[in-house]
Amino acid sequence: MKKKVLIIGSGLGGLSTALRLSVKGYDVTILEKHSKAGGRLNQLQIDGFTFDVGPSFMSMSYELNELFESCGVKNPIKMTELDPLYNVYFEGNDKPYKIWKTLENLEKEFAEIEPNLAAKVEKYLKRGGEFFHDTEDAVIKSNFNSLISYLFQLSKVPKKHLPYLFRTMWNEVERNFDSNEVRVIFSLVAFFLGSTPFQTPAIYSLLNYTEMKHDGYWKVEGGMYKIVDELLKLLSAQKVKIVYNTEIVGFEKSNNFISSLIDQNGKKWTADIFISNSDAASFRGKILKREKFSEEKLDKMEWTLAPFTIYLGVKGSIDNLAHHNYFLGKNFRGYADAIFTSSISPQKPYYYVNVSSKSYKECAPDGCENIFILCPVPDLRFKKDWSDREELANNIIDDLSKRTGFDIKNNVLVKKIFDPEDWGKMFNLYKGSGLGLSHGMLQVGAFRPKNKDEQFKNLFYVGASTTPGTGLPMVIISSKLVEERIEEVYGNLS
Ligand SMILES: Cc1cc2nc3c(=O)[nH]c(=O)nc-3n(C[C@H](O)[C@H](O)[C@H](O)COP(=O)(O)OP(=O)(O)OC[C@H]3O[C@@H](n4cnc5c(N)ncnc54)[C@H](O)[C@@H]3O)c2cc1C
């Protein structure tokens, strides 16, 4: 008799785990509160425009290959490596900087403000690369059974990396680069971790290495949601069932085992094994009612910034936009210091703009562009009221019109806004935090919510807020780690 598995949530973590386990002979069902699969990796289709809802870059693309290959399939998704990676606009300068992965081109791009950039970048990335390779297999891709085993594993990481724990990313870019522009650009990755470069330890410059030297960034043909489409095809072939519009709100237990999950209509769902792809910290608090994860305790943890996103279908072609663009202001330090805890909307917002129709015409009707704008904002702990959302959206659209020289406002055919409250409600993201728990030293490795429950022997976790962390490749790794946990207990059934 096949072991029955119930997965709560069809985010990339849930889908990847379902694929791995179904191939191994488990009978898998996914329960999803939303009406469509993918979680944050979702899609909007409105009047001929197709938008990716959240993620727009794939990094560490080999993890996606590994997922498919471990299930006996060649990766069916067509990806193209980006070079330049993206364009960066600084306020007051109409010409964007192209951030080339090819260092020769990057050096030319910054010749006027940062001479000898290629050599400086090589030196800067060398150490980030060493740290990445010293920890990738030993720490990031490993399960730990105790704090001691985690600390033991960490103790094997060469001691030369220690000083970078006590220096901030900003200190590090200041030591390596002279111009403010290059310093700002190289420190932007700190925001992906849920912090600022003025607080993030310099060891995380390993992310600069992964984006600029190692595997880089990739675009996905037809849009990021192709990843979900392809996974759904394989899951259907494996007879994995997905039940939509079904939110798990409670559970029943028998000794130290979960016996059933209860949905919003009171229906009970039974299985042998349960896996939560719902946020690993807030699920323990909200559903399991664990004191350690009460709202008060969760509020004290460090969470990544909330997204404020705008989806615009626009008539015309905006020549000054590339597929990936960042629009930055002048006051980086002040902005970074205030952005996490502000109770008001940013007045001079920094934002990212993605136009996938620049690469893939099928994402917008003829003669139109699909514009996705992402502005990181404080989560609902700090700014609860988003009744000013139209004002903030108009502020950003006006700024973008000015900086691109294209009247966006009067050419909008389609417009949709998601504020942090929407994001929170759509996917049960804690207080609207976009990437889940952040990655300070006390929230990674053995300190992050574990992928195996503390009490219930048949309950496991996968996704951004458990190990190893957030982002698409990390979540794929998380599915491998949870598969290993389950096999330790139940074995390989194939
Ligand atoms: C705006 C934005 C941009 C991003 N950009 C990038 C990027 O460019 N590159 C990158 O690598 N990463 C990016 N990320 C991060 C990436 O999207 C996430 O790390 C990843 O998608 C998380 O996947 P997950 O499976 O952990 O969770 P989720 O995608 O959140 O999936 C969890 C699923 O569980 C469902 N669920 C939750 N609770 C319940 C319940 N009680 N009952 C039933 N169902 C439930 C939710 O509806 C959801 O479908 C971005 C994130 C955001 C928000």
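In this predicted model, strand S14 covers residues 273-276, and its side chains alternate between two faces: Ile 273 and Ile 275 point one way, while Phe 274 and Ser 276 point the other way. All four of these residues are buried. S14 has strand partners that can be followed in turn. Strand S1, residues 4-8, is joined to S14 by 4 bridges, and the two strands run parallel. Within this pair, Ile 8 of S1 stands opposite Ser 276 in S14. Strand S20, residues 459-461, also pairs with S14 in the parallel sense, here over 3 bridges. In that pairing the residue opposite Leu 459 of S20 is Phe 274. Phe 274 and Ser 276, which share a face of S14, thus appear in the register of the two pairings, Ser 276 with S1 and Phe 274 with S20.

Strand S4, residues 49-52, is likewise covered on both faces. Phe 49 and Phe 51 lie on one side, Thr 50 and Asp 52 on the other, and all are buried. The partner here is strand S3, residues 43-46, which is joined to S4 by 4 bridges and runs antiparallel to it. Gln 43 in S3 stands opposite Asp 52 in S4. The two strands form a hairpin with 2 residues between them. One residue of the turn, Asp 47, has a positive phi of about 45°.

Most residues other than glycine have a negative phi, and most peptide bonds are trans. Exceptions of both kinds occur in the loops of this model, and the loop between helix H15 (420-427) and S20 holds Asn 428 as well as Lys 431. Phi of Asn 428 is positive, near 55°, and phi of Lys 431 is positive too, near 50°. Are these two loop residues buried or exposed? Asn 428 has 20 C-beta neighbours inside 10 Å and therefore counts as buried. Lys 431 has 21 such neighbours inside 10 Å, so Lys 431 also counts as buried.

The cis peptide bonds described here precede prolines. One runs from Asp 83 to Pro 84, with omega near 10°. Pro 84 sits in the loop that connects strand S6 (79-81) with strand S7 (86-90). Another joins Thr 467 and Pro 468, where omega is about 0°. Pro 468 belongs to the loop between S20 and helix H16 (472-490). S20, the partner of S14, is therefore a boundary of the loop with Asn 428 and of the loop with Pro 468, as a reading of the helix and strand limits shows.

A helix pair completes the description. Helix H6 covers residues 169-176 and helix H7 residues 180-187; their axes come within 9 Å and cross at roughly 140°. An angle over 145 degrees would count as roughly antiparallel, so at their crossing angle H6 and H7 are oblique to each other. H6 passes H7 in a right-handed crossing. On the H6 side, the contact is formed by Met 169, Trp 170, Val 173 and Glu 174, which meet Arg 183, Phe 186 and Ser 187 of H7. By residue class, this contact divides into 4 nonpolar, 1 polar and 2 charged residues.

Conventions. Residues are numbered from 1 along each chain as its sequence is written. This is a predicted model: local features need pLDDT of at least 70, side-chain atom pairs count only at pLDDT 80 or more; totals for chains, interfaces and linings use all residues. Axes are lines fitted to C-alpha atoms, for helices over the stretch in contact, and angles run from 0 to 180 degrees between N-to-C directions. Angles under 35 degrees count as roughly parallel, over 145 as roughly antiparallel, 65 to 115 as roughly perpendicular and the rest as oblique. A crossing is left-handed if the near helix is turned anticlockwise from the far one by less than a right angle, and right-handed if clockwise. Two residues are in contact if their C-beta atoms, placed from the backbone, lie within 7 Å. Ala, Val, Leu, Ile, Met, Phe, Trp, Tyr, Cys and Pro count as nonpolar, Asp, Glu, Lys and Arg as charged, and the others, Gly among them, as polar. A residue is buried if 20 or more other C-beta atoms lie within 10 Å of its own, exposed if 12 or fewer, and partly exposed in between; C-beta atoms are placed from the backbone. Two strands pair if DSSP finds at least two bridges between them.
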